[in-house]
Amino acid sequence: MCQYFSNIHKMSEKLQNNPFAALFCSVKDAEQFSKQHQDTDPEPLHDIPGSPDNGCEEKTTAFLEDMLLVTTRPGPHAFPRVLLADSDMLTIDTLQFLLFERLLLETPDAHLVGPGDEGREEAGRVEVVMYLSEVYWRCWAARERPLAHVLKQVQGAVITNLATALEQPELYRGQHPDRQFLQILLRGLGQEAAVDDLTCKLIHHLVEQGMTPPPLFDQLITEVAKQLEQCSLMTVNYQLVNILDFYAASPYLATLLTKIPKKVNQDRSGRLFQNTPLGSLLSISCLPKHSTAPFEFFEKPSSQLNQAQALKDTENSIWLAQNAINLRLYKIFFSLLKVSPEAKAGLLTWIESCLEANSGRAGTWHIQGDMRLQDVLFVPDGFMINLGAVMLQLAQPFTQDLKTAKILKVDPTYCAAPRVGSNNEVPGAYTGDLGKQTPLVPYQENSSRSYSKKYSFISTCFFLTHRALYLGIQVVLQKLQKLSQELGRLQRDAEETSAQGSPPTEMMSSLLESLTSKYFSIKTAVFEPHMVESLLQFLAASAEWLVQMALCPLDQLSPPTTLLEIKMPLPEDTDTHPFLQCIPEFLVETLTETIIAIPRYSVTLLDSTGGSLVLPHLMSFVVVFMGSPKRMYNPHLRAHLAECLEILLPESGNSSGGLLAGYREQMFTNHPAASQLVTALIHVFVSIEMTGQSVSFEEKFNYRRPMYEVIKFLWESPRHRKKFKELAEESLANMESAKPPLFLRFVNLLMNDATFLLDEGMSYMSQLRESQRERNSAEWLSLPASQREESGRNFTHMSLLARFHNMLGAHTIKTLLLLTKEIPHMFTHSTLVDRMAGMLNHFLSALVGPKQRNLKVRDMEDYKFRPGETVSDICTIYTHLFNSAEFCLAVSGDGRSYTPELFIKAYDVLYRIGRAPLAEELHLVAEMVNEASKALAEEEDIAADAPEEFLDPIMSHLMTDPVILPSSKLTCDRQTIARHLLSDQTDPFNRQPLTMEEVFPDTDLKNKITAWLKQQRALRTKKTQDVELENSIMKK
């Protein structure tokens, strides 16, 4: 036994960390126990089964006594033993009986025999579970020694009696066996092999007996969850995580990890999931678990000596710790999915219920609402980000390599299926509230959507991952953007305060530090590198999967099994594929919002190896869905796709340039879907106006801002410019079709936008001028401080609005500048020419006329107000269109803004800003307009005497082509109603639906007007001739 006890001694060298050390009163007692056995060198034991030598039985008895620390022999004894008097000798046959007899002793220390104090406490241990565990420990230490078959008998006896103690604790009054075992498991389960082995054999015994897990195991995991709740990212007790690992790997215990809180359905509180075993680990993050808790990292970032390096070091430390947590979470989730069908179902139900209970996290009120209320209702941001990270890892097998087409195993009808546990449950459908989410294309409420008979884990994982990302990363990215804007405003306030000669207040500085810490913490949590890499892979796979579902023929009701090739032009769908009525919109929201947000915080990320893999799939997705409401009904979502398209532009603010800039440029030219880009972009540009919903101007123009950038880029490509021209020619050929041509509506909206944006921009500049004058006056300093602060806030707000409208107004004018050069006939068509001329005259007059002084402010560049550039662009547009007689007539006929002096004032401005060649071209425009003005004056003289029935009832001008409106039966000029129908598809007199194809010519009235004009011109000609004859006679 020398080697056996030597082995025990080796274990005692780490008694401080050994869970069984808790069984001693102190570490010193444990060391004395170890020393006692070290100093003794009894005769070696030999396992000689079947030997007739009586010495073998004596050695077995001695061995059993050393394991159990009991004896039936009166002595003498070398070490303390509990004497079971009047009992049979301790043998394998009497082992169970004598062990049970030893456990029933209420005061075993009263039965001790043997010399010395060392080891007496261990031998006389009162606590039954601790005593049994010590026996098992001694057996475990001797497992490699002789008499192994005896050890198994002893371990079996320990397990049997341990199970009995846990099942019938009343046998041991005042002992609380479950509490004793709980402490042992908390100290050693998942960390010490002996404790794991003991627990495994106990579980095996309970399974053989057909017993359910005793309450002890529920108590243990509850205690683990409570202790994990106290852990922070840098102080995680991984012993507790080891216990979760052990449970997840045990078919007997695994389902205990996935119990759903009972009050979830009653209280409708998703927050309860944070208190579960899995939730307690998911909540560990660099973000606080409660809104009132402080942010632990990036404390006072502005005070760091080497700020950039300090931030980077903190970031890396957080990422290292968070990745370690996420890997352990993934291991636990993966084990639960593999260990048993019940555990798999339990985990998927837990995730499903958690996401459903926390679906309110996606609401606007949550992102901008009362944080204290959020603490009551929903899990924290860190929880949901980590859940998304784990789900992304689980999804990797079918999203990592798109060439394998595993992504096509995702069933598009999944969200339409009744959930597991419902009346009509479908196996594998853990759909939660997914069926209630808005689909890509609406379906009739009374109709039913088809779904499959069962679903695979791939489908479940795909949709639950998307939902976790939507409620986690996407929500946090929105919060990050809101926080970034708030920080920007606060920094501007601080800078303005400093500019006025006063340092920022202590409260302002403290708030800046606090918000900056929060900003860096959130940014770090969202952009953990391993998670972002998995996220980009998942988004690329999602984009490709959505495209494949959209490309399915209408008569194909099962998902494709091989990747379909994108062929242009895409079919003009007259109906919607049923698949798209089952796929929720939030998949697209997650995809677009994430792709749009990434470059805001990491310009190089999309140009990384992982990021570049997303780009071609994203391009396919954008083109296929952006231009068709039959594939994606929501115009707001399709507008977001234009912003994604802007991110794909080479050498943009969202690109780091370099080699990948060339790759991006080729993608816009060589991608299979590239030929459809222009049409799709113009379609979504127009769709924003035709939503049928109330869309604020700011929202609409925010959608269109990236579209202007993409249009500008596409215009530079001969291939895409040709497409613009083709669409224009198609529109010119169908100006009076029932549905106004796409390009006509596009040009009409461009003019609407330019008019609104430039007017608003100049109005704000005028208000800023007045505000600056007020602040520079002597009365300013005499105003109360509160009034000055309020005025300062208004000035800042007005400055932002002025900048916004000036920037977008300039974008719109630049776009018109491009288009009018190559396709002027579109803008000089009778439907548009009057509006185009009136718009140009109005803004040129405002910028060069007497009211221009009202627009002059200090630091105009701060507000992106560049009047010289705008005048130059407007004058250039005149030179693009003046070859049209109709345009020149329209310019001269604009009674609101045009005067002969208008172009003279414009010359002066152009000369002053160094645009002399353009001034010379404008001189030619002025001459043509002047000639048209003379002709127009004569026509107006004639029209002034026209009968009332000849005048257009809307514009009050003489009609040239009168048409009758079918529902109101009223007559108006063709060009007037055509212009009206571009923006409003109704009869202006009774609001009934109307198209140009429905109007019919008023031939009789037209003939009357023509005859009257002929008569008036003849009379005017005769009158002129008579005057000339009279003058001639008088001269003679």
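Angles under 35 degrees between helix axes count as roughly parallel. In this predicted model, the axes of helix 15 (residues 341–357) and helix 19 (residues 457–471) cross at roughly 30 degrees and come within 10 Å. Helix 15 and helix 19 are therefore classed as roughly parallel to each other. The crossing of helix 15 past helix 19 is left-handed. On the side of helix 15, the contact involves K344, L348, I351, E352 and L355, which meet F457, T460, L464, R467, A468 and L471 of helix 19. Sorted by class, the residues of this contact comprise 7 nonpolar, 1 polar and 3 charged.

A second packing arrangement in the predicted model pairs helix 11 (residues 238–248) with helix 14 (residues 307–339), at an angle of about 20 degrees and with the axes 8 Å apart. Helix 11 and helix 14 are therefore also roughly parallel to each other. Helix 11 makes a left-handed crossing as it passes helix 14. Helix 11 contributes Y238, V241, N242, L244, D245 and A248 to the contact, while helix 14 contributes A321, A324, I325, R328, K331, I332, S335, L336 and V339. Of the residues in the contact between helix 11 and helix 14, 10 are nonpolar, 2 are polar and 3 are charged.

Key
Residues numbered from 1 in each chain as written. Predicted model: local features only at pLDDT ≥ 70, side-chain atom pairs only at ≥ 80, totals over all residues. Heavy atoms only, no water. Axes fitted to C-alpha atoms, helices over the stretch in contact; angles between N-to-C directions. Helix = DSSP H or I, 4+ residues; strand = E, 2+ residues; numbered from the N terminus. Parallel < 35°, antiparallel > 145°, perpendicular 65-115°, else oblique. Left-handed = near helix turned anticlockwise from the far one by under 90°. Contact = heavy atoms within 4.5 Å. Nonpolar A, V, L, I, M, F, W, Y, C, P; charged D, E, K, R; others polar.
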